[in-house]
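Open the model in your viewer and keep the sequence panel beside it, so that each selection can be followed in both. The tour goes from paired strands to the side chains packed around them.

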Amino acid sequence: MCALRRKIRNRNRLLPYLNKYPKEKGYDFYLWTISPDNYIDLKRGLKDILKGFSKLRRNNYFAERIKGGFYVIEVVESELETWNIHLHIIIYSRRLDNRIRGQCLDCGQSLMNFNKEKKEFYCANKKCNSKNVIVKKDSKIVFIGKRCFQREVNIRVDKLRSINSTMNYLLKYVSSNK
């Protein structure tokens, strides 16, 4: 019950802030999930992820594009006695480059997509969709993220459809009974 009250209190406190945020041309709300590789030590992992996220926010590319936001840290213990520590973040920013570059050997397209279920890259050209591709480099934000976190990191960016549903998604970590 206390966790549910905390969720409602946080939702009522934060939602008006997000709804009143001025709509500017080129800016929108995005949901980020930043997931570095698992950590062996929980305390060290929390310290490292906060330090890496602080560096990421101060990076010129991000500082120029992001106006504000807030985050929730989720910690999950895996079977191998390691800690999966990751961030869920709502940001108000301009579009950030999260496109994977490479080369399609069939059509020559340089933009790649990734199929999460099959864990394979494919051509982003809708007419081609070939799996005959060479992936040359990470997206710009993942490249910067790896430098800031000093380890492998996955950054997922989704444009928000509804602030209300995303707020509920984020606050479930505050109200879960773990």
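Begin by selecting residues 27-36, which form strand 1, together with strand 3, and you will see two strands that pair in the antiparallel sense over eight bridges. To look at one of these bridges, pick Leu31, whose partner in strand 3 is Ile90. Keep in mind, as you go, that this is a predicted model.

Next, add residues 66-77, strand 2, which also pairs with strand 3 in the antiparallel sense, here over eleven bridges. One bridge to pick out joins Gly69 to Ile91 of strand 3. Strand 2 and strand 3 form a hairpin with five residues between the strands, and in this hairpin Glu81 takes a positive phi near 55°.

Now select strand 3 by itself, residues 83-94: is this strand mostly covered or not? Ten of its twelve residues are buried, so that description as mostly covered fits, given that buried means under 20% relative accessible area.

From the strands, turn to the largest nonpolar core, which has 22 residues, and show Trp32, Ile34, Leu56, Phe62 and Phe149, the members that touch the most others. Strand 1, helix 2 (42-58), helix 3 (60-65), strand 3, helix 4 (140-149) and strand 8 (153-159) each give two or more residues to this core. Centre the view on Leu56, and, leaving aside neighbours within four places in sequence, you will find it in contact with Trp32, Ile34, Phe62, Ile144, Gly145, Cys148 and Phe149.

Finally, apart from the largest core lies another, of 16 residues, among them Leu31, Val72, Met167 and Leu170.

Methods: Residues are numbered from 1 along each chain as its sequence is written. This is a predicted model: local features need pLDDT of at least 70, side-chain atom pairs count only at pLDDT 80 or more; totals for chains, interfaces and linings use all residues. Side-chain values use heavy atoms; hydrogens and water are left out. Buried means under 20% relative accessible area, exposed over 50%, partly exposed in between (1.4 Å probe, protein chains only). Helices (H or I, at least four residues) and strands (E, at least two) are DSSP runs, numbered from the N terminus. Two strands pair if DSSP finds at least two bridges between them. A nonpolar core is a set of buried Ala, Val, Leu, Ile, Met, Phe, Trp, Tyr and Cys residues joined through side-chain atoms within 4.5 Å. Contact means heavy atoms within 4.5 Å.
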